[in-house]
Amino acid sequence: MAEILPVRAWRYNAELGKNIDSLTSPLFDVVSEKQRKALYHNPHNSIHLSVPQPPDAANRAAALLADWKQSGVIRQDNLPGIYVYYQYFKLSGYSKEFCRKGFIAHIRAYDWNDGIILRHENTIPKAVNDRVQLVEKTELQVSPTHGLYTDPRFELEPHMDEAISNPIYETEDYQGVRDVLGVIHDAPTILRFLNHMEKRLIILADGHHRYEGSLIYKKRCIKAAGDHHTGNEGYNFHLMYFTNTESDDLRILPTHRLIKDLPAFDETRILQALESDFTIKPVDDSDTLNEIIAGKPWAFGLMFRNNTYKIRLKPESLAKMSWCFPEEIKKLDLTVMHYFIIEKALGIPGKNQRQSENIEFDRSFSDCHKKVFQGEAQLAIITNEVSIEDVRKVCQSGYTMPQKSTYFYPKVICGFLFSSIKEEEFAEPAYSPFYHSHA
């Protein structure tokens, strides 16, 4: 099924690598303007490759990359490896420390209709175009996307545990997460990873825009190569971080909706529009709203400026949904929220919701609370986290979730390693056991 390959990574030289904390950065789609400005002050920070400054950002990144390679700021590892990446973190409400275990490798950039890499979100064209332009100019994959595979027997974890016991890097990132990187160079173990993943389907958890960018770039390169295209060139592959869906430490945090600037917004009218489909209960303490709805299907919190409610869909109302989705998609909390609350009660049609300027997404319950009470938003719709089972159902159905439905926590960071798909830097030597047994 999924063909993966080890990576001959480009990494910061040993001297710079001693201060890896100062070189890492948040991914391009989560880094704030304030973070960017601060990170740009360090001339060697990975932000210069992942979110290069305008004007002419992509060419600027390409010139900087060439300079870094030439001057030895980054160096290519001599041997291909599987890079093991563990993230240790705490979550509010839990006493334990979580550890998300995974590894970084190349995966063949499969087209969506191949059915090997499955998506659960659609992409925004502008964000994809930015990523295509960057990979086209630099021939570099700056950060891995996040893919999920399923292995209830946890066959790879012992090899990962061994590698992480002798880390290359260890740092605390902007999320307060401890990130640790190790590497496996042992050829028989690498082959075990390659063979193991051949049997798997991959769910794309995070990085839909970067993956889509790789697909577009691959198609352009195939067209340009014509008869010389072999299928094994660097442009056929994509950098990915793989984690096991069966782990208890795979966490998806809820993404709440904020409603703002909606004309003729009226709390009483909205509640009247909801009462035929929902049971509605006032909540005295808005601070506890997320706890009150926790774990209850089709339950949501509505936070207005002066009043707070817990609402829960009446099971018989589900049959009223007119959206043409299969049953398992109709039953998702997110579908219920977007149909019954956002379309029916708030009057924003489903087809307009994706581009609507009246809907914002916020993962922080306390931020939602603050924005509503300060009048920056008219309403916060508080929701539960999405389960991995829900994600799986969506992927298997061929449909996609509403934008920003899932927030796999923590985010991977940028700067530990870079992957070149430039042919002379990507190609393995003739004696390599990896490419030729799997090409």
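**Note on the predicted model: strands, sheet, cavities and cysteines**

1. Strands E9 and E10 form a hairpin with 5 residues between them. In the turn, glycine 176 has a positive phi of about 80°. The coordinates under review are those of a predicted model, and the remarks below should be read accordingly.

2. The pairing of the hairpin is antiparallel, with 4 bridges joining strand E9 (residues 169-172) to E10. Within this pairing, glutamate 172 stands opposite arginine 178 of E10.

3. Strand E10 also pairs with strand E4 (residues 82-89), in the antiparallel sense and over 7 bridges. Here tyrosine 88 stands opposite arginine 178 in E10. Arginine 178 therefore has a residue opposite it in E4, tyrosine 88, and one in E9, glutamate 172, where strands count as paired if at least two bridges are found between them.

4. As to exposure, strand E10 (residues 178-184) is mostly covered, since 5 of its 7 residues are buried.

5. A further element for the reader to locate is an open sheet of 6 strands, with antiparallel pairing and the order E15-E17-E16-E19-E14-E18. Its edge strands are E15 (278-282) and E18 (359-362), each of which pairs on one side only. On average, neighbouring strands of this sheet are turned by 25° against each other, direction ignored.

6. Within that order, strand E19 stands between E16 and E14. Strand E14 (residues 256-259) pairs with E19 in the antiparallel sense over 3 bridges. Isoleucine 259 stands opposite leucine 379 in E19, and arginine 257 has isoleucine 381 as its bridge partner there.

7. Strand E16 (residues 299-303) and E19 likewise run antiparallel and are joined by 3 bridges. The bridge partner of leucine 302 in E19 is isoleucine 381. Isoleucine 381 is thus a bridge partner of leucine 302 and also of arginine 257.

8. How is strand E19 (residues 379-382) covered on its faces? Leu379 and Ile381 are buried on one side, and Ala380 and Ile382 are buried on the other, so that both faces are covered. In a regular strand the side chains alternate between the two faces of the sheet.

9. The model contains 5 cavities of 30 Å³ or more. The volume of the largest cavity is about 210 Å³. Of the 16 residues that line this largest cavity, those closest to its centre are Arg131, Leu140, Gln141, Val142 and Arg210.

10. Which elements each supply at least two residues of the lining of the largest cavity? They are helix H5 (125-138), strand E7 (140-141) and helix H8 (208-225). By residue class, the lining of the largest cavity divides into 7 nonpolar, 7 polar and 2 charged residues.

11. Finally, the structure holds 0 disulfides. A disulfide is a covalent bond between the sulfur atoms of two cysteines. Cysteine 99 is buried, with a relative accessible area of 11%, and cysteine 395 is buried with a relative accessible area of 7%. Both values count as buried because the cut-off is under 20% relative accessible area.

Note on methods:
Residues numbered from 1 in each chain as written. Predicted model: local features only at pLDDT ≥ 70, side-chain atom pairs only at ≥ 80, totals over all residues. Heavy atoms only, no water. Disulfide = S-S within 2.5 Å. Buried < 20%, exposed > 50% of the residue type's maximum accessible area, 1.4 Å probe, protein only. 1 Å grid on protein atoms, 1.4 Å probe; cavity = no way out; pocket = protein on both sides within 12 Å on 5 of 7 lines; lining within 4 Å. Points joined across faces, edges and corners; volume = space filled by probe spheres on them. Nonpolar A, V, L, I, M, F, W, Y, C, P; charged D, E, K, R; others polar. Axes fitted to C-alpha atoms, helices over the stretch in contact; angles between N-to-C directions.
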